[in-house]
Amino acid sequence: MPEAVRFSLQNLTCAYSGKVVVRGVSLDIPASGVTAFIGPSGCGKSTILRCLNRMNDVVPGFSLSGRVLLDGEDLYGDSQDPVLIRRRVGMVFQRSNPFPTSIFNNVAYGLKLHFKLTRAELELEVEQALRAAALWDEVKDRLHTPAMRLSGGQQQRLCLARALAVKPEVMLFDEPASALDPVATAKVEELVMELGRQMTVVIVTHNLAQASRVADRTAFFLRGELIEFNRTVDLFTNPQRPETEAYLLGRVS
Ligand SMILES: Nc1ncnc2c1ncn2[C@@H]1O[C@H](COP(=O)(O)OP(=O)(O)OP(=O)(O)O)[C@@H](O)[C@H]1O
């Protein structure tokens, strides 16, 4: 049976102030598992990722052509509400960006925005989200202290808890561990893999070893074009395109 498709990118082309940085990318991202985007700096990985939840809408000068379908629906159709899309498609960024408020309020924020919950329900949802982000045990006794006092790795997991609290169907990660030490990185990688068993996960990473550890499938981009998309093990061990092989061998940077 063919795999269910979560996102279908159809001839996606993106530009900033008229300068094209993503060219005619067509790609089906499966509903299950982790998909990694790899490629040299500036090849357009983050731009494509941000098209998956309309995060580029707020970037001045950004324009797009082609289509991005989520479960068959055009994400850029007139009837789509970008706020609702960002609830369905959560995102964690390279730099953790907690709100300057308590740990509890960071996670409760989206819940209050999207759902009408009693205080008890809110507390339960916050706890569940913090557990899902493997942070609960470390913060349960100081939920009402400032999020900014957490370590970098804890802040990143808090941002994940904040995103997971509103029950997204998809999680996007943009270089989530690039500012973290190896122990914090390993925790984030474990979470990415765990989430990939429950929902669609897409991760942008510079780190080839990380892609090979966490991703079921990997897409390799070069100068805004999709060069190869395959099961990670196949892409890494038996690349079909000379450009992919050259990149894996460190001949393209
Ligand atoms: N807000 C922006 N305004 C103008 N140009 C941008 C903007 N964001 C990205 N770009 C340009 O678009 C191109 C693709 O950038 P993008 O960040 O998508 O690539 P990337 O592969 O994710 O790179 P990196 O790995 O360095 O983050 C680059 O040339 C970049 O300079």
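Of the 13 residues around the ligand, which come nearest? They are Y16, S41, K45, S46 and T47. Keep in mind that this is a predicted model. By class, the shell around the ligand splits into 5 nonpolar, 7 polar and 1 charged residues. As for where those residues sit, helix α1 (residues 45-51) gives the largest share of the shell, with 3 residues.

Now to the sheets. Strands of a sheet pair through backbone hydrogen bonds, either parallel or antiparallel. One open sheet here has 6 strands, running in the order β6-β7-β8-β3-β9-β10, and its pairing is mixed. At its edges are β6 (89-92) and β10 (225-231), each of which pairs on one side only. Going from one strand to the next, the twist averages 15 degrees.

There's also an open sheet of 4 strands, ordered β2-β1-β4-β5, and here the pairing is antiparallel. Its edge strands are β2 (19-30) and β5 (73-74), and again each pairs on one side only.

Here is one strand pair from each sheet, side by side:

| Strand pair | Sense | Bridges |
|---|---|---|
| β3 (residues 33-38) and β9 (residues 217-222) | parallel | 4 bridges |
| β1 (residues 5-16) and β4 (residues 62-70) | antiparallel | 8 bridges |

If you want landmarks to click on, try T35, whose bridge partner in β9 is R217. For β4, look at L70, which stands opposite F7.

Next, the helices. Helix α6 (residues 152-165) lies across β6 and β7 (170-174), and it runs at about 170 degrees to β6. Helix α6 also packs with helix α3 (residues 103-114): the angle is about 25 degrees and the axes are 7 Å apart. Why call α3 roughly parallel to α6? Because the angle between them is about 25 degrees, and angles under 35 degrees count as roughly parallel. The crossing of α3 and α6 is right-handed.

Which residues make that contact? On the α3 side you'll find I103, N106, V107, Y109, G110 and L111, and they meet L158, A161, R162 and A165 in α6. Sorted by class, the residues of this contact come out as 7 nonpolar, 2 polar and 1 charged.

Conventions: Residues numbered from 1 in each chain as written. Predicted model: local features only at pLDDT ≥ 70, side-chain atom pairs only at ≥ 80, totals over all residues. Near = placed C-beta within 6 Å. Helix = DSSP H or I, 4+ residues; strand = E, 2+ residues; numbered from the N terminus. Nonpolar A, V, L, I, M, F, W, Y, C, P; charged D, E, K, R; others polar. Pairing = 2+ DSSP bridges. Axes fitted to C-alpha atoms, helices over the stretch in contact; angles between N-to-C directions. Contact = placed C-beta atoms within 7 Å. Parallel < 35°, antiparallel > 145°, perpendicular 65-115°, else oblique. Left-handed = near helix turned anticlockwise from the far one by under 90°.
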